[in-house]
Amino acid sequence: MEKIKIGIIGAGRIGKIHADNLLRMPQVEVIAVSDLFAGPELEEWAALRDIPLVTKDSGAIIAHPDIDAVFICSSTDTHVPLIKQAALAGKHIFCEKPVSMDIRQTQEAVETAKQAGVKLQIGFNRRFDHNFKRISEHVQSGTIGTPHIVKITSRDPNPPHQDYIRVSGGMFMDMMIHDFDMARYVTGSEIEEVYAHGGVLIDPVFAQYGDVDTAIVTLKFASGAMGVIDNSRQAVYGYDQRVEVFGSKGAAAVTNDYPNSAEISTAEGVFRDKPLHFFLERYQEAYREETRIFIDCIREDRPVPVSGSDGLQAELAALAAKLSVMLARPVKVSEAMQLAEQHAILI
């Protein structure tokens, strides 16, 4: 079979990670990359990887007759128009999360891809982590029985820069959206209701943008299961990523990944390394795996494992969480869009 030819839109940190992962695959050829700030530095980077085309024009990627699929790694506000353009051009699409900050625009993008008959995979990379995948497998196989309680902890080692906070979309859409998707993934059930509590406990700058830096959210699932997610923008001991599913026959849990498993015991105490520093280190293999599976889905013409609908459901849960903090009450996911319209907030 001929190689799958790829164009990458957005050559920031995540775009370059995807490019390098794709270049390791013998069945793939990366033939173009675009970035608004493309210049000598990006051209040099591409030349070292034998990527022939570097451009500032994303349209040149989408219109390229040889490209089979595009990776959309540009800023969130560009995702929807790029998905629509790529879908109408018959290109398969991998898009980083979230699809957009506006639920209606996300719906339009997902529907356009569906009508065009192209594959659309959303970049919820944590589903492809070997640890979390194992929990999902045990839940699906019935090892722990019927899930009753889900606990998810996600805490960053350091808060983001103010410039990022200003455009991030807020903790629920930017950070906890991964956890909403993880909750759906490990339970196999939809989130029906969200009750969120948030505060600014780390840096007052978050309040300037109507955001929070610390949050706890409780969930109700369609299955009857319950869940709790806690997020913090600053865990001084490192990147904290844990999941537990408790069920009628047992429990499955994942703790943090560490650089090594050595534990040193002395008269002064018991010591071990801090968790892996941040998401690039913690989810390095997951990024490779999500890319590999997307390419396999194209080659074998099968559905992608994380669809546009999955992206939409996570965004709806994030919107419900934002509304819950604002209204100080539980919010059903099914009422989130109507409430957002009533209160004139972004939907």
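In this predicted model, contacts in the protein chain often bridge long stretches of sequence. Among contacts between residues at least 6 apart in sequence, 68% join residues at least 24 apart. The protein chain holds 14 helices and 15 strands. Its radius of gyration is 21 Å, close to the 20 Å that the globule rule gives for 347 residues, so the chain is as compact as a globular protein of that length. The C-alpha trace spans about 60 × 55 × 45 Å along its principal axes.

Burial and surface were examined next. Of the 347 residues in the protein chain, 52% are buried. The accessible surface comes to about 15,900 Å². Carbon and sulfur atoms account for 52% of that surface. The protein chain carries 35 positive and 47 negative charges. The mean positions of these two sets lie 3 Å apart.

Helix H9 covers residues 177-187 and is mostly covered. Here 11 of its 11 residues are buried. Among them are Ile177, Phe180, Met182, Ala183 and Val186. The buried residues of H9 also include His178, Asp179, Asp181 and Arg184. Tyr185 and Thr187 are buried as well. After H9 comes glycine 188, with a positive phi near 70°.

Aromatic rings were then compared across the whole structure. The search finds 5 aromatic pairs. In one of these, phenylalanine 71 and phenylalanine 94 have ring centres 4.7 Å apart and planes at 15°. An angle under 30 degrees counts as stacked, so this pair is stacked. The pair links distant parts of the chain. Phenylalanine 71 sits in strand E4 (residues 69-72), and phenylalanine 94 sits in strand E5 (residues 92-95). The two residues are 23 residues apart. Both phenylalanine 71 and phenylalanine 94 are buried.

Phenylalanine 71 also pairs with phenylalanine 294. This pair is edge-to-face, with 5.5 Å centre to centre and 85° between the planes. It too links distant parts of the chain: phenylalanine 71 in strand E4 and phenylalanine 294 in helix H12 (residues 284-300) are 223 residues apart. Phenylalanine 71 has 0% relative accessibility, so it counts as buried. Phenylalanine 294 also has 0% relative accessibility and therefore counts as buried. Ring pairs thus link Phe71, Phe94 and Phe294 into a cluster.

Several loop residues deserve a separate description. Glutamine 27 lies between helix H1 (13-23) and strand E2 (28-34). Its relative accessibility is 19%. Buried means under 20%, so glutamine 27 counts as buried. Leaving aside residues up to four places away in sequence, glutamine 27 touches Lys3, Ile4, Ile295, Asp296 and Arg299.

Proline 98 is placed in the loop between E5 and helix H5 (103-116). A cis peptide bond joins lysine 97 to proline 98, with omega about -20°.

Two loop residues have a positive phi although neither is a glycine. Aspartate 50 has a phi of about 60°. Its loop runs between helix H2 (40-48) and strand E3 (53-55). Aspartate 50 has a relative accessible area of 65%, so it is exposed. Alanine 328 has a phi of about 55°. Its loop lies between helix H13 (308-327) and strand E15 (331-332). Alanine 328 is exposed because its relative accessible area is 58%.

Notes
Residues numbered from 1 in each chain as written. Predicted model: local features only at pLDDT ≥ 70, side-chain atom pairs only at ≥ 80, totals over all residues. Heavy atoms only, no water. Helix = DSSP H or I, 4+ residues; strand = E, 2+ residues; numbered from the N terminus. Rg over C-alpha atoms; globule rule 2.2 N^0.38 Å. Buried < 20%, exposed > 50% of the residue type's maximum accessible area, 1.4 Å probe, protein only. Contact = heavy atoms within 4.5 Å. Areas by Shrake-Rupley, 256 points an atom, 1.4 Å probe, with all protein chains shown as cover. Lys, Arg positive; Asp, Glu negative; His and termini not counted. Charge placed at Lys NZ, Arg CZ, Asp CG, Glu CD. Phe/Tyr/Trp six-rings, centres within 6.5 Å; stacked < 30°, edge-to-face > 60°.
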